[in-house]
Structures are given as C-alpha cells and as structure tokens.
Amino acid sequence: MKIKRAILMLTVIALLVAIPVLAKPPGSLGPPTLESIVVTTATIDEVDDVDVYFLDWTDVEGADKYSVDIEATATYDTGEVDEDEVPIMATVEVSASFGTSDRLDGGDMSDSDLNIPVSDVEALLAELDAALAAALAAAELDPETEATVEVTAKVKALDPSVKPTKRQNNPFSNSLPLP
Ligand SMILES: [Ca+2]
C-alpha cells in the first residue's frame, strides 16, 4: 500500500516538473507568447463567385490576428538508390503567407478563419512546377519525371501588442492538407 502511494506521488511530482519544460519547445529563441493552434477545417467553398479554400482553426486567447502559411511540396525519385537499394527521393518546396489582416470578407482580423482564393494556390503550384523543373534540370534528370505534390496549410497566432514585435516566436499549428 505504501509503495503504491509513493509511486503515485512520484508521478505527480514528475508531471509538475514536466509541464514548465514542455511549455518551451527546444531550440526556440524565447518562450512562446501565444499557444499553438489546431487547424480543423480545409474545404473548397465559393464566395461571390470566387472559388476559395475555407480554413478554420481553434481560437487563441490574446491573438490579435493570424498568419497562414500555404506550403506546396513536390517529391520525386532521383533515380538513385541508397546502400539498401531504397530509391532516394528529393523534395522541392515553395510557400506563401497570408494573413487575417488582409481578409476581404468583412470579418475581423482576429476571427480564427480565412478564405484563400484557389487562384492564389494555383499560382503557388505554378511556382512549384517551375522550381521542380529547375531542380530536375540541375540534377540532369528527365524533365518528365513524375512528382507527388502535396499542399498544406499551417497557422500561427500573432499579438503585435507584445514588445518586441519584430519576430513573434509563437508556435505553428499542425499542417493540414488542402483538399
Ligand atoms: Ca475558428
């Protein structure tokens, strides 16, 4: 009986010690000022005859506005294999940033959602195509080499009232694939 209680107490102490450590991700420049976000929704919608990706995420207390990064990644086979005969893959990535302060839907910049025009994402994919072509050419690979393309969105909360404001060290959300 006594042993059980001792183990329980040790567990409680371990939790108390672990929490402040977990609050600061390793390698960060300072403590994050705002908590991270979970992006819950990425759907295609139509607003005023314009096709948009509708992104929705969890509210963050104290957030003045939010920044959304769209990342497009192409993964391709380099035609080479490692020592275990496993094909060596390479990736090319491009990204674009959007912010709730640029929203055109009449909402508030602190609203935790955003419409991003599909045409903006298509422009990013065109950029990715060009970057992929350049990478294939540099590696002297067949320009028709097939690539797997994934587009994801991630969000972070911003609070410009916090000084210094130069680079806000808030954590990014999960990366949610766009449909
Ligand atoms: Ca929301």
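**View 1. The exposed face of helix H2 in this predicted model.** Start on the side of H2 that turns away from its buried residues: here you'll find the exposed residues Ser-119, Ala-123, Ala-126, Ala-130, Ala-134, Ala-137 and Ala-138. H2 itself is a run of 21 residues, and from its first C-alpha to its last it reaches 30 Å, close to the 30 Å expected at 1.5 Å a residue. Just past the end of H2, look for Glu-140, where phi turns positive at about 55 degrees.

**View 2. The buried face of H2.** Which residues of H2 are buried? They are Leu-128, Leu-132 and Leu-136. Looking down the axis of H2, you'd see its buried residues fall within an arc of 65 degrees, so they line one face of the helix. There's a handy rule behind this kind of pattern: an α-helix has 3.6 residues a turn, so residues three or four places apart point the same way. And what covers the buried residues of H2? The cover includes strands E3 (65-81), E4 (87-99) and E6 (147-158). H2 lies across E3, E4 and E6, and its direction makes an angle of about 145 degrees with E4.

**View 3. Asp-120, a residue in H2.** Zoom in on Asp-120, which belongs to the helix spanning residues 118-138. Is Asp-120 buried, exposed or partly exposed? With 14 other C-beta atoms within 10 Å, Asp-120 counts as partly exposed. Now find Val-52: along the sequence, Val-52 and Asp-120 are 68 residues apart, yet their C-alpha atoms sit 9.1 Å apart in space.

**View 4. The open sheet of four strands.** The strands line up in the order E4-E3-E6-E7, with antiparallel pairing. E4 and E7 (176-177) stand at the edges with a single partner strand each, so one side of each has no neighbour in the sheet. How many bridges join E3 to E6? There are 12, and these two strands run antiparallel. To pick out one pairing, find Ala-74 and its bridge partner in E6, Val-149.

**View 5. The hairpin of E3 and E4.** E3 and E4 run antiparallel and are joined by 12 bridges. For one example, match up Ile-70 with its bridge partner Ala-96 in E4. Five residues sit between the two strands of this hairpin, and Glu-85 has a positive phi near 65 degrees.

**View 6. The largest nonpolar core.** This core has 25 residues, and the ones with the most contacts inside it are Leu-55, Val-68, Ile-116, Val-155 and Ala-157. Two or more core residues come from each of these elements: E2 (50-57), E3, E4, E5 (113-117), H2 and E6. Which element gives the largest share? That's E3, with five residues. As background, nonpolar side chains tend to be buried together in soluble globular proteins. Stay with Ala-157 for a moment: setting aside neighbours within four places in sequence, its contacts are Leu-34, Ile-37, Val-60, Ala-63, Tyr-66 and Asn-170.

**View 7. Stepping back to the protein chain.** The chain has two helices and seven strands, and along the sequence they follow the pattern α-β-β-β-β-β-α-β-β. Of its 179 residues, 18% are buried. Take the contacts between residues at least 6 apart in sequence: 68% of them join residues at least 24 apart.

Conventions
Residues numbered from 1 in each chain as written. Predicted model: local features only at pLDDT ≥ 70, side-chain atom pairs only at ≥ 80, totals over all residues. Buried ≥ 20, exposed ≤ 12 C-beta atoms within 10 Å, placed from the backbone. Expected span 1.5 Å × (residues − 1). Arc of directions from axis to C-beta. Contact = placed C-beta atoms within 7 Å. Core = buried A, V, L, I, M, F, W, Y, C linked by C-beta atoms within 7 Å. Pairing = 2+ DSSP bridges. Axes fitted to C-alpha atoms, helices over the stretch in contact; angles between N-to-C directions.
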